[in-house]
Amino acid sequence: MYSSLSTLAVIMAVYMPSTSAQVLCDTVGCTNGVCVLPPVTIFPTCNCTAGFRLSVTNPTLCANVDECSEINYLCGVSYEPYLRTYVDSGRCVDNAGSYSCQCNPNLSLPSFDNKTCFPLPVPQQQPQQQQQQQLLQRLLNQLLLSELL
């Protein structure tokens, strides 16, 4: 019992900021995040909300992450039968803290949250063409998954 209480006291001492440090944190504030005081520093740091990252030039600012420019084919890919190639299923639109997809109505349908475009069924093809298309689709999906991870 004694050891668990002493461990709790150490945890509280490390993770509970002092009153003056908290005042400093409240004064500086964080844009698009929460101000926290890690135990190893004396200056406030921002813990950014999802879709934002800490600015390199300003430690009290969480800047928007532009998912559209950082991740290729974020909205998905579709097979274009007339061009016989794969194209973006939609156009990615960056929003503050998130993104959305404007799907190409001739090639895809939007997901319920507008973050993915699902390809429409491809017109019937010869068996060899279907096998090639399925292989290309699997390869592209693996490539997309490896970029996201």
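## A tour of the disulfides and a buried glutamate

Start at the pair Cys-103 and Cys-117: their link is left-handed, with -90° about the S-S bond. This disulfide ties together distant parts of the chain, since Cys-103 sits in strand β8 and Cys-117 in strand β10 (residues 117–119), 14 residues apart. Keep in mind as you look around that this is a predicted model. Zoom in on the two sulfur atoms and you will find them 2.1 Å from each other. Both ends of the link, Cys-103 and Cys-117, are buried, and a surface view may need to be switched off to see them.

**Next stop: along strand β8.** Stay on this strand and select Cys-101, then add Cys-75. A disulfide joins these two, with an S to S distance of 2.0 Å. Turn the view to look at the S-S bond: the value about it is -95°, and the link of Cys-75 and Cys-101 is left-handed. Where do the two ends of this pair lie? Cys-75 belongs to the loop between α3 (67–70) and β5 (77–80), while Cys-101 lies in strand β8 (residues 98–103); the pair links distant parts of the chain, 26 residues apart. Are Cys-75 and Cys-101 buried or exposed? Each of them is buried.

**Then: Cys-30 and Cys-46.** Select this pair to see another disulfide, again with S to S at 2.0 Å. Here, too, distant parts of the chain are linked: Cys-30 is in the loop between α2 (19–28) and β1 (33–36), and Cys-46 is in strand β2 (residues 45–48), 16 residues apart. About the S-S bond you will find -105°, and the link of Cys-30 and Cys-46 is left-handed. Cys-46 has 8% relative accessibility, so this residue counts as buried, the cut-off being under 20%.

How many disulfides does a search of the whole structure find? There are 5, so colour the cysteine sulfurs if you would like to look for the others yourself.

**Last stop: Glu-67.** Move over to helix α3 and select Glu-67, which is found there. Which residue carries the nearest side chain of opposite charge to Glu-67? That is Lys-115, 7.0 Å away; Glu-67 is buried yet has no salt bridge, the limit for one being within 4 Å.

To see what surrounds this glutamate, show its contacts, leaving out residues up to four places away in sequence: Glu-67 touches Gly-51, Leu-74, Asp-94, Gly-97, Ser-98 and Tyr-99.

Conventions
Residues are numbered from 1 along each chain as its sequence is written. This is a predicted model: local features need pLDDT of at least 70, side-chain atom pairs count only at pLDDT 80 or more; totals for chains, interfaces and linings use all residues. Side-chain values use heavy atoms; hydrogens and water are left out. A disulfide is a pair of cysteine sulfur atoms within 2.5 Å. Helices (H or I, at least four residues) and strands (E, at least two) are DSSP runs, numbered from the N terminus. Buried means under 20% relative accessible area, exposed over 50%, partly exposed in between (1.4 Å probe, protein chains only). Lys and Arg count as positive and Asp and Glu as negative; His and the chain ends are not counted. Contact means heavy atoms within 4.5 Å.
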